[in-house]
Number of protein chains: 2
Amino acid sequence: MTQPRAERPHTGRRRNEAAHRAILDSALRLLSESDGTPVTIDAIARTAGVGKQTVYRWWPSKGAVLLDALVDQAGQVVPDPDTGSLREDLRAFITATFDGAQSTPSAPALRTLVREAAHDVHLAETMRTFIATRRATLRDLLTRGRDSGELPDDADLDLIVDQIYGVFWYRFLLGHAPLDHAAADRLTDSLLGDRNAGMPQPGRAPRYGQS
Amino acid sequence: MTQPRAERPHTGRRRNEAAHRAILDSALRLLSESDGTPVTIDAIARTAGVGKQTVYRWWPSKGAVLLDALVDQAGQVVPDPDTGSLREDLRAFITATFDGAQSTPSAPALRTLVREAAHDVHLAETMRTFIATRRATLRDLLTRGRDSGELPDDADLDLIVDQIYGVFWYRFLLGHAPLDHAAADRLTDSLLGDRNAGMPQPGRAPRYGQS
DNA sequence: TTGTATCGAGACTTGTAGTCTCGTCAAGGA
DNA sequence: TCCTTGACGAGACTACAAGTCTCGATACAA
């Protein structure tokens, strides 16, 4: 794992940042315009006015380009609301997740990306870590809620996380049902108990102690 | 849509049922043994001792072969318990769904199949209808529960269905958390209210009337 | 000016789905 | 029995996409 860069500074022509940007832009555009058919490297390079080798000089695989394009525009902003109320935090997180995937022009892009990930090991791995940060944030949010007594001590946080992301991906990929604010609200209430939304209730007071 | 078969009975050699079976068996075996790499038609035909054209004489695409192989061995048996208790019915349905996908040797096969479906329109469509029958059964089960008052009238049945299948597919495909009986139980309780599992409780009595 | 690394361009290799062709084989009809 | 018909195994072939390789041109620094 020697780094030759440390020995000799750099000679020769520098990498072209403009080409880098053009590739990302083309990738994102093609991804957005895709009707489900996979986006090809040839198409990306051609529309970016760039040689294929240039693409592979910056990224190791097609999947890496596509994911980078999407991340680049979506930003790495993970919502992490902290209003003091678990219910409000959760509602905000779910709403932001739903909105984030739908409002941007990247919805079809993200769908295409998932399809590509099914065959691209490199992309699948990168996506997993991308998703993991969001899962971790959500889990922290739930942990706060459990510590404050808004969730019972024996609540299965992983199951709650999976119910949220399960519903999200399931509806996002199949598109058979909406991912709107109403759905976010109902999902929140379903997970925290929908009969007493926001209202304190004796039978549900915080419990300290192992079940 | 004329049926020439009605005019002239049939002449020539008949289709070989043995070849048909051999293809399905080979497909299923390769699917089961697959480590994630896609199963090729060449491999199926070769291990079945059959020409590629014979495969395409029976099925329109690779995906059709794979799905048929899986359906053939899994059977079309959709669990539909009716014990009189929604909670028990739901628990049984979820447990059966979890078990069905995992206990058989078809778990890796099903995972591979989903990956293939990402690129095969024909397969994706067939799979959608396959899944739809299961969704419908689950929805009927929930409707029974709502009619009997075990679910409130304003319960979002579609959301419950999606929570169940969302968690199922999410965990099945990612494999980061178990799909065991404990998980099925917790999911059931989460959806019906986990604080009073099986016990009648005044504050949660069935409510008739729109919210 | 010269050495070096990147550039655009495109030929090339590899792998796979699906088609086409060929000689063979089985089944029914004449 | 022989002939027609259509399925059979085998494999060549086409189409297409990922990724590699090569080439002459170009930009930057010593």
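Are Arg171(A) and Asp162(B) buried or exposed? In this predicted model, both Arg171(A) and Asp162(B) are buried. Their side chains meet in a salt bridge, with 2.5 Å from N to O. Arg171(A) lies in helix 9 (residues 157-174) of chain A and Asp162(B) lies in helix 8 (residues 157-174) of chain B, so this salt bridge joins two chains. Elsewhere, Asp80(A), Asp82(A), Asp89(A) and Arg144(A) form one network through salt bridges that share partners.

Side chains of opposite charge can pair when their charged atoms come close. Over all chains, the count of salt bridges comes to 32. Two more of them, within chain A, can be followed in detail.

One is the salt bridge between the side chains of Arg91(A) and Asp185(A), at 3.2 Å from N to O. This pair links distant parts of the chain, 94 residues apart: Arg91(A) is in helix 6 (residues 86-103) of chain A, and Asp185(A) is in helix 10 (residues 181-192) of chain A. The partners fall into separate accessibility classes. Arg91(A) counts as buried because its relative accessibility is 19%, and the cut-off for buried is under 20%. Asp185(A) has 28% relative accessibility and therefore counts as partly exposed.

The other is the salt bridge in which the side chains of Arg128(A) and Glu125(A) meet, at 3.6 Å from N to O. Here the partners are three residues apart in helix 8 (residues 121-147) of chain A, so about one helical turn separates Arg128(A) from Glu125(A). Arg128(A) has a relative accessible area of 45% and is partly exposed. Glu125(A), at 42% relative accessibility, also counts as partly exposed.

Asp120(B) presents another case. This residue is found in chain B, in the loop between helix 6 (107-117) and helix 7 (121-147). Asp120(B) is buried yet has no salt bridge. Which side chain of opposite charge is nearest to Asp120(B), and how far away is it? The nearest is Lys62(B), at 7.0 Å, whereas a salt bridge requires a side-chain nitrogen within 4 Å of a carboxyl oxygen. The side chain of Asp120(B) does reach a backbone atom: the nitrogen of Gly63(B) is 3.2 Å away. Leaving aside residues up to four places away in sequence, Asp120(B) touches Ser61(B), Lys62(B) and Gly63(B).

Lys62(B) also belongs to the surroundings of the DNA. Around DNA strand C there are 25 residues, of which Gly12(A), Thr54(A), Lys52(B), Gln53(B) and Lys62(B) come nearest. Of the atoms of DNA strand C that come within 4 Å of the protein, sugar and phosphate account for 65%. Contacts to phosphate oxygens of this strand come from backbone and side chain: a backbone N or O atom of Asn16(A) lies 2.8 Å from one phosphate oxygen, and a polar side-chain atom of Thr54(A) lies 2.7 Å from a phosphate oxygen. A base is reached as well, since an N or O atom in the side chain of Lys52(B) is 2.4 Å from a base oxygen of DNA strand C. Helix 4 (52-58) of chain A and helix 3 (52-58) of chain B are the elements that give two or more residues to the surface near DNA strand C. Helix 4 of chain A gives the most, with five residues. By class, this surface has ten charged, ten polar and five nonpolar residues.

DNA strand D can be described in the corresponding way. Which of the 25 residues around DNA strand D come nearest? They are Lys52(A), Gln53(A), Lys62(A), Gly12(B) and Thr54(B). Sugar or phosphate makes up 64% of the atoms of DNA strand D within 4 Å of the protein, and the rest belong to bases. A polar backbone atom of Ile41(A) is 3.1 Å from a phosphate oxygen of DNA strand D. Two side chains also reach phosphate oxygens of this strand: a polar side-chain atom of Lys62(A) at 2.6 Å, and an N or O atom in the side chain of Thr54(B) at 2.6 Å. The elements that give two or more residues to the surface near DNA strand D are helix 4 of chain A and helix 3 of chain B. Helix 3 of chain B gives the largest share, five residues. The residues of this surface divide into five nonpolar, ten polar and ten charged.

Terms used:
Residues are numbered from 1 along each chain as its sequence is written. Chains are lettered from A and ligands numbered from 1 in the order in which they are written. This is a predicted model: local features need pLDDT of at least 70, side-chain atom pairs count only at pLDDT 80 or more; totals for chains, interfaces and linings use all residues. Side-chain values use heavy atoms; hydrogens and water are left out. Helices (H or I, at least four residues) and strands (E, at least two) are DSSP runs, numbered from the N terminus. Buried means under 20% relative accessible area, exposed over 50%, partly exposed in between (1.4 Å probe, protein chains only). Lys and Arg count as positive and Asp and Glu as negative; His and the chain ends are not counted. A polar contact is a pair of N or O atoms within 3.5 Å; within protein, one must be able to donate a hydrogen and the other to accept it, and residues adjacent in sequence count only if both atoms are side-chain atoms. Contact means heavy atoms within 4.5 Å. A residue is near a molecule or strand if one of its heavy atoms lies within 4 Å of it. Ala, Val, Leu, Ile, Met, Phe, Trp, Tyr, Cys and Pro count as nonpolar, Asp, Glu, Lys and Arg as charged, and the others, Gly among them, as polar.
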